[in-house]
Amino acid sequence: MSYVALYRKFRPDTFDEVKGQEHIVTTLKNQLMHDRVGHAYLFCGTRGTGKTTVAKLMAKAVNCEHPKENGPCGVCDSCKSIADGSSLNVIEIDAASNNGVDNIRQIKEAVQYSPAQGKYLVYIIDEVHMLSAGAYNALLKTLEEPPEYVIFILATTDEHKLPVTIKSRCQRYDFHRISLETITDRLEEIVGREGGSASRDALRFIARSADGSMRDALSILDECMSATLGEELTRDSVLKTIGAVSVDIYVDLLRAVNEDDANRVLDIINEAIWNGKDLTKFVDDFTWFMRNVLFLKLSPGLAGDMDMTEENAAQLSELGQNFSVDTLTRYLNILQKLCSDIRYSSVKRVTLEMAVIRMMRPETDMDLSSVIGRLERLEKGFTSTAISEEAAPSTDAAGVSEGSSSTVESREIEALVDHKVEKAIRELIKSGELSGVAPTEEKQDPKLQSDIIIQNIRDGFPPAEAEELIRISKGWNTEVISKLEGLQKQYANDLIIEPAKDYTSDGAGRLVIVFDEKDDMNQRYLYYKDDKHRSDLADELSKIFKKHIELDIVMRRGVKGVLDRESTALNKIQYDVRQVEREEEING
């Protein structure tokens with residue numbers, strides 16, 4: 001006899017063997033025991049969670065000649081014929097390839113005849129979401145009021161694609177992803193029944209790779225056992241077989257990024273490629289690794305809730321101490337985008353390398369998080385070199401250091417680092433890389449320097465003058481909107497903007513958002529009720545025009561239709577008056 005795959009060989013024969021779906025199994029067993037079997041069921045859930053298996057068990061149970069408490073007996077003629085696929089009472093239909101109206105009409109015609117043997121005709125329609133609209137319509141009436149000897153069991157992985165009229169006619173059961181421990185226990189049981197041996201760590205890794213799918217886990221186990229016949233299945237052999245990467249590789253890669261070691265980064269990527277690793281999976285696993293580092297950084301107590309050994313958790317916690325939360329978040333954002341990009345890239349290696357370079361060199365990005373990353377690099381460099389270069393420890397006659405530090409007192413280190421950070425920031429401003437940023441005059445903790453600088457970005461701009469505010473309000477729909485992005489662009493599109501009566505106040509130029517009671521509620525929420533969104537819009541305008549701009553709110557009634565014309569006329573008058581004043585000043 002030919003070899004039978006593990007997921008087929010060990011398909012559950014009773015309800016008690018179904019793992020991870022106890023809530024469904026209990027309900028169905030109660031229905032069978034009390035003769036409350038429904039006429040239509042809808043099984044929803046991701047792949048490999050037991051939908052088709054439970055459907056077949058249900059079909060066996062309702063036709064079994066000697067049913068038991070835990071399901072069909074498995075030895076009667078009806079159970080055997082259903083198991084080998086020869087029963088005329090159970091019809092399996094793949095809706096992915098039989099999704100037309102004619103296929104459903106054949107069902108309607110067939111259900112008119114009662115079964116020659118057994119109690120029920122059971123139709124199992126797999127991937128039912130693939131049916132056409134016409135097929136759904138043809139199925140509706142039969143599904144709602146089938147003959148008393150017919151049971152429909154519909155299975156789908158995309159429940160939201162089904163019409164409500166279909167779902168409302170069925171008893172719905174949601175199959176959950178199977179837990180890691182449940183899959184691991186089942187794999188351990190199957191390895192024993194097959195006469196093999198495997199470490200618990202290897203089986204846990206297979207279970208995690210299966211992502212909650214028992215069938216996927218059995219397929220991976222089948223592959224790994226074939227690759228290590230006669231040997232114990234270990235974690236390393238699993239990694240080698242399925243092309244995954246050890247966590248140590250990701251630790252080395254993250255350390256190389258932190259140390260700005262481009263040679264080591266390329267060596268690690270080269271090694272992964274020449275070992276046949278799939279780069280898409282490499283990136284996916286690296287993203288999960290980075291996520292674990294971030295969460296352990298935020299809360300070391302989460303180690304027990306993560307799928308990793310205590311040794312790995314301790315290693316990741318220690319590694320996370322070298323990074324700030326902002327830096328790890330920036331890395332995760334880069335990797336999330338990379339996960340999407342690398343799937344469609346024709347040069348996956350280059351795509352991966354460019355993303356790692358962006359992680360390693362924040363100056364290659366122009367967003368706010370990259371500026372913070374650059375400042376952190378400056379602080380780190382100053383902290384490591386300041387003592388040896390410019391501050392020798394002072395000792396008394398006995399040769400003992402004066403402060404509590406073995407080198408210099410902490411206040412001297414802070415003053416020195418603070419001085420070098422501010423000097424570097426001034427150089428960045430002078431070169432134009434941080435245009436408009438004013439370094440703080442106050443001495444602050446070096447760890448807070450980046451936050452202070454970012455907070456002062458808008459404050460460092462000179463206030464917008466009257467004619468600039470008029471120009472912004474007049475060109476709002478034609479020039480300004482095109483420079484915004486995302487939701488800001490969407491919700492700012494219909495805003496009515498005009499200069500404030502007092503153009504400048506508190507060192508800032510002021511604009512006014514004019515609301516009418518008929519305005520869109522989303523806009524009113526974003527800018528009228530939420531100060532943060534209004535402040536964010538003001539920040540964006542300040543960066544665009546390199547001027548300090550603030551936004552106020554004015555609510556008026558009944559001006560929706562005429563406000564644009566009034567504002568335009570007013571702005572023109574104010575603009576002309578301002579121009580005359582400026583000409584008079586110039587001419588003396």
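## Gln31 and its surroundings

Gln31 sits in helix α2, which spans residues 22–33, and this placement, like everything that follows, is read from a predicted model. With a relative accessible area of 10%, Gln31 counts as buried, because that value falls under the 20% cut-off. Apart from residues up to four places away in sequence, Gln31 touches Arg36, Val37, Gly38, Tyr41, Met58, Gln171 and Tyr173.

## The chain as a whole

The protein chain holds 26 helices and 8 strands, and of its 588 residues 43% are buried. When the contacts between residues at least 6 apart in sequence are considered, 70% of them join residues that are at least 24 apart.

A pair involving Gly50 illustrates how positions separated along the chain can be placed in space: Gly50 and Arg215 are 165 residues apart in sequence, while their C-alpha atoms are 8.3 Å apart. Gly50 belongs to the loop between β1 (40–45) and α3 (51–63), and its relative accessible area of 19% places it among the buried residues, since the limit for that class is under 20%.

## The largest nonpolar core

In soluble globular proteins, nonpolar side chains tend to be buried together. Here the largest nonpolar core has 36 residues, and the members that touch the most other members are Phe289, Met290 and Leu352. Two or more residues of this core come from each of α12 (247–258), α13 (262–274), α14 (279–298), α15 (310–320), α16 (325–343) and α17 (348–360), and α14 gives the most, with 9 residues.

Which residues does Phe289 contact, leaving aside its neighbours within four places in sequence? They are Val247, Tyr250, Val251, Leu254, Leu316 and Leu319.

## A second core and Val111

A second core, separate from the largest one, has 26 residues, and Leu42, Val111, Tyr136 and Cys170 are included in it. Of these, Val111 can be followed in more detail: Val111 lies in the loop between α5 (101–110) and β3 (121–126), and with a relative accessible area of 4% Val111 is buried.

Not counting residues up to four places away in sequence, Val111 touches Tyr123, Thr142, Pro147, Tyr149, Val150 and Phe152. For one of these partners a separation is also available, as Val111 and Tyr149 are 38 residues apart in sequence, with 8.6 Å between their C-alpha atoms.

## Helices α9 and α10

Two packed helices are described by the angle between their axes and the distance between the axes. For helix α9 (residues 200–210) and helix α10 (residues 214–227), the axes come within 8 Å and cross at roughly 135 degrees. At that angle α9 is oblique to α10, because an angle has to be over 145 degrees to count as roughly antiparallel, and the crossing of α9 and α10 is right-handed.

On the α9 side the contact is made by Leu203, Ile206, Ser209 and Ala210, which meet Asp216, Ala217, Ile220, Leu221 and Cys224 of α10. The residues of this contact divide into 7 nonpolar, 1 polar and 1 charged. The loop between α9 and α10 contains Asp211, whose phi is near 55 degrees, a positive value in a residue other than glycine. Asp211 has a relative accessible area of 42% and is therefore partly exposed.

## Helices α12 and α13

The axes of α12 and α13 also come within 8 Å, and they cross at roughly 155 degrees. That angle makes α12 roughly antiparallel to α13, and α12 passes α13 in a left-handed crossing. Ile249, Asp252, Leu253, Ala256 and Val257 in α12 meet Arg264, Val265 and Ile268 in α13, and the residues of this contact comprise 6 nonpolar, no polar and 2 charged.

Is Asp260, in the loop between α12 and α13, buried or partly exposed? At 27% relative accessibility, Asp260 counts as partly exposed. The phi of Asp260 is near 60 degrees, again a positive value in a residue other than glycine.

How values were computed. Residues numbered from 1 in each chain as written. Predicted model: local features only at pLDDT ≥ 70, side-chain atom pairs only at ≥ 80, totals over all residues. Heavy atoms only, no water. Core = buried A, V, L, I, M, F, W, Y, C linked by side-chain atoms within 4.5 Å. Buried < 20%, exposed > 50% of the residue type's maximum accessible area, 1.4 Å probe, protein only. Helix = DSSP H or I, 4+ residues; strand = E, 2+ residues; numbered from the N terminus. Contact = heavy atoms within 4.5 Å. Axes fitted to C-alpha atoms, helices over the stretch in contact; angles between N-to-C directions. Parallel < 35°, antiparallel > 145°, perpendicular 65-115°, else oblique. Left-handed = near helix turned anticlockwise from the far one by under 90°. Nonpolar A, V, L, I, M, F, W, Y, C, P; charged D, E, K, R; others polar.
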